[in-house]
2 protein chains.
Amino acid sequence: MAEPARSLGTGLGAGSPGCTGSLPGVTFNDQARAAKQASVTLGTLTRAAKDAALHAMADALADAEAAVLEANRRDVDRARESGTSDALIDRLRLNPQRVDGMVGGLRDLARLADPVGDVMRGWTNANGVQVRQVRVPFGVVGIIYEARPNVTADAAGICLKSGNAALLRGSSSALESNLAVVAALRAGLQGVGLPSDAVQLVEGGREVTEQMMAARGLVDVLIPRGGAGLINAVVEGSKVPVIETGTGNCHIFVDATADQAMALDILLNAKVQRPSVCNAAETLLVHRAIADEFLPKALAALAGQGVTVHGTDAVRAHSELVVAAGPDEFDDEYLSLDIAADVVDSVGAAIEHIRAHTTGHSETIVTNDRISADRFVAEVDAAAVLVNASSRFVDGGEFGFGAEIGISTQKLHARGPMGLAEMTSSKYVVTGAGQIRP
Amino acid sequence: MAEPARSLGTGLGAGSPGCTGSLPGVTFNDQARAAKQASVTLGTLTRAAKDAALHAMADALADAEAAVLEANRRDVDRARESGTSDALIDRLRLNPQRVDGMVGGLRDLARLADPVGDVMRGWTNANGVQVRQVRVPFGVVGIIYEARPNVTADAAGICLKSGNAALLRGSSSALESNLAVVAALRAGLQGVGLPSDAVQLVEGGREVTEQMMAARGLVDVLIPRGGAGLINAVVEGSKVPVIETGTGNCHIFVDATADQAMALDILLNAKVQRPSVCNAAETLLVHRAIADEFLPKALAALAGQGVTVHGTDAVRAHSELVVAAGPDEFDDEYLSLDIAADVVDSVGAAIEHIRAHTTGHSETIVTNDRISADRFVAEVDAAAVLVNASSRFVDGGEFGFGAEIGISTQKLHARGPMGLAEMTSSKYVVTGAGQIRP
């Protein structure tokens with residue numbers, strides 16, 4: 001791969017902030033140490049200072065729109081030459097509206113409350129020692145993500161607002177776009193007197209990702225955002241703590257007592273409204289007691305929306321349009337207008353099916369039976385369990401978080417949509433007047 | 001190593017619960033799957049059912065006291081034959097009081113509130129969709145620990161109360177003791193009709209630890225408890241999420257404005273009251289402005305308590321008793337009646353020193369200056385930061401948690417003392433009346 005970073009005029013002086021944070025001869029560990037240093041400053045900024053920085057970053061990005069679009073054009077041309085699919089090129093492509101969206105996203109962050117400094121709980125011990133648990137930034141957050149260059153600004157902004165320095169590892173296909181975006185964000189930070197190393201782009205080959213995963217003590221948390229392959233590689237290879245953001249093999253179980261019109265609405269919404277996202281439905285399970293009545297309607301409605309159903313024999317009996325489900329058909333996300341389908345004998349059987357195939361993202365029951373609903377909620381092990389609502393609501397925006405870095409499917413730290421609070425750790429502050437332990 | 005498990009009459013029938021959960025031919029993954037199955041039951045138990053189980057486990061352990069002590073005698077004999085140090089043998093040895101302590105610990109857990117089911121937060125969206133974030137168990141918790149057999153009962157009880165199945169990987173030196181304790185706990189569970197696979201001892205060589213660390217999807221979280229070597233090996237090698245419990249290279253900084261009598265009390269308490277634990281002080285930093293006045297008193301008092309001070313030249317100038325500090329002297333825990341010492345020019349220099357050497361456990365400032373205290377609290381990056389109080393207070397018992405599985409020194413999930421709440425994850429429960437996303 002060529003080194004376009006150089007041609008963009010990266011600053012070369014020792015200690016110079018440069019325009020990306022990545023200088024010739026500068027190793028990843030140098031970048032991480034600079035981020036750690038910057039994080040010390042970020043950790044003690046007031047909300048007002050951070051909000052001013054976000055607006056300065058937004059202004060600088062708006063000013064750099066032409067340069068960003070030109071850099072993006074080069075990325076798109078390169079992708080096209082190498083035969084990248086239209087869908088991927090669409091994710092890669094920026095236009096004035098998408099740049100405006102990035103700028104607006106940074107300004108929106110300035111309107112959100114600051115999680116840092118929140119007192120989560122506190123008490124006074126019998127001996128008068130006071131204990132408070134206070135939210136603090138992680139320090140340095142590494143984000144490893146795929147093609148979309150707008151993630152660069154979003155992630156930088158969320159990290160900044162939560163007081164964290166960001167090491168952004170985008171994909172090589174978006175390198176020029178990411179360089180241009182990061183150069184603008186860093187210029188914005190410098191303009192308000194903050195360390196530009198709070199936002200750095202990490203460049204290089206696979207070995208740099210390995211270095212990020214090994215940087216225990218320099219990087220406080222790694223967040224991979226992208227496909228299952230990327231996420232698994234990071235979760236399995238990292239020595240740095242990871243927040244696993246999620247693949248969503250999401251199920252909808254239509255119980256015997258479901259309001260069938262409601263079930264149909266929820267099914268179509270969860271499958272069709274935006275099929276490419278992790279909270280879209282991927283499997284339909286129907287209680288046998290209503291299969292003869294519900295499935296013909298559901299299959300016709302899905303077909304009417306262009307959805308291909310991959311079903312077991314019990315489903316295929318109801319429509320010639322249903323394709324036979326392969327052996328692994330129930331394990332993977334389609335992220336497309338496809339859905340797997342089966343008929344189950346009971347709520348218990350639905351829970352068993354989900355337990356065998358879930359990725360722990362969002363699981364839905366449509367039912368009018370309180371006992372079924374309570375059992376499903378209690379026994380299904382997922383970040384979100386829904387009763388009579390579309391899984392598309394499992395989203396930081398819909399939850400009112402105002403910003404979202406991803407949806408965690410692990411059980412440690414944050415589970416479900418991650419807003420600003422989930423981008424923090426905590427610290428116990430213990431104050432006394434000389435107390436000692438007897 | 002001999003296989004003493006066999007001689008204790010481990011059940012052999014397929015599907016038999018056995019007395020330890022570890023049967024001939026049963027692999028670690030079989031144990032983990034059985035734990036996962038048991039965790040489904042545990043996750044939906046009421047507090048009353050869990051408390052009854054804890055009392056049943058306590059009763060069974062009390063009844064098994066003679067067998068446990070006899071098994072422990074064999075472990076101690078074996079350790080003595082292999083030349084184990086007296087200190088380690090003391091940690092390994094059980095006596096009637098220590099068994100009573102384990103029994104009492106289980107009963108104490110029954111008196112604590114149940115964290116599972118706590119609604120952490122909740123709201124209603126504009127469209128009427130209700131969202132609640134509810135505490136749920138992790139599922140299966142793996143605990144890897146060293147010599148002390150009383151950890152076996154403590155960890156099993158904490159996992160049970162927090163709704164988690166426990167896979168306990170004790171040290172081979174305590175194997176017979178652990179087998180006897182786990183057999184009793186499992187008998188207690190069976191007596192109240194609960195799956196005994198909720199508590200299993202994991203036996204075998206180093207390869208079994210490797211299997212635990214690779215069991216992503218079967219084990220939800222791993223908690224290593226022990227020395228730095230064990231903890232590092234698990235943190236670096238595990239694909240399963242880990243909670244790092246802590247080594248504590250804890251500092252005390254005596255500021256220029258400190259009440260010197262208070263500083264002396266806190267210093268002696270933090271160093272001497274229990275030197276072998278992670279929240280004991282390991283380094284003393286004194287502000288240069290008071291070094292001439294404070295250090296002679298401090299060095300005399302430390303010497304009077306049998307503490308060896310390892311100091312820089314600036315410290316050694318004040319007493320012949322001070323040993324020269326080696327180059328790595330400021331990086332490690334002593335866990336003994338030793339302390340490193342240096343003189344620093346300012347609160348900023350103290351913070352820099354701590355930043356370079358801290359393990360992120362508990363850091364203390366003694367000061368009468370609000371600006372110094374605020375800066376220290378804001379800028380020192382540790383699980384706990386103390387002002388004018390002994391670091392020995394950073395402890396689950398002292399914090400009123402009633403139980404403690406360890407003190408986390410990582411920033412993800414739990415940081416600081418971990419009680420029952422820290423042994424849980426959460427789940428979003430989203431309920432509607434058919435709402436879909438526009």
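**Chains A and B: pairing, contact and core**

User: Which strand of chain A is joined to S13(B), and how many bridges are there?
Analyst: In this predicted model, strand S16 of chain A, residues 424–435, runs parallel to S13(B) and is joined to that strand by five bridges.

User: And what's the bridge partner of Val430(A) in S13(B)?
Analyst: Val430(A) has Leu386(B) as its bridge partner there.

User: OK, how many residues does each chain give to the contact?
Analyst: Chain B contributes 57 residues and chain A contributes 57 residues. On the side of chain B that touches chain A, the elements giving two or more residues are the helices H10 (228–237), H11 (260–272) and H15 (370–379), together with the strands S13 (384–389) and S16 (424–435) of chain B.

User: Which of those has the largest share?
Analyst: That is S16(B), which supplies eleven residues to the side of chain B that touches chain A. Sorted by class, this side holds 28 nonpolar, 16 polar and 13 charged residues.

User: Switching topic, which residues have the most contacts inside the largest nonpolar core?
Analyst: The largest nonpolar core has 280 residues, and those with the most contacts within it are Leu61, Ala166 and Leu185 of chain A and Leu61, Ala166 and Leu185 of chain B.

User: What does Ala166(A) touch?
Analyst: Leaving aside residues up to four places away in sequence, Ala166(A) touches Val141(A), Ile143(A), Ala155(A), Ala156(A), Cys159(A), Ala198(A) and Val199(A).

User: Last one: how is chain A divided into domains?
Analyst: Domain 1 of chain A covers 4–237 and domain 2 covers 250–393, and the C-alpha centres of these two domains of chain A lie 37 Å apart.

How values were computed: Residues numbered from 1 in each chain as written. Chains lettered and ligands numbered in written order. Predicted model: local features only at pLDDT ≥ 70, side-chain atom pairs only at ≥ 80, totals over all residues. Domains from an automatic or database assignment. Contact = placed C-beta atoms within 7 Å. Helix = DSSP H or I, 4+ residues; strand = E, 2+ residues; numbered from the N terminus. Nonpolar A, V, L, I, M, F, W, Y, C, P; charged D, E, K, R; others polar. Pairing = 2+ DSSP bridges. Core = buried A, V, L, I, M, F, W, Y, C linked by C-beta atoms within 7 Å. Buried ≥ 20, exposed ≤ 12 C-beta atoms within 10 Å, placed from the backbone.
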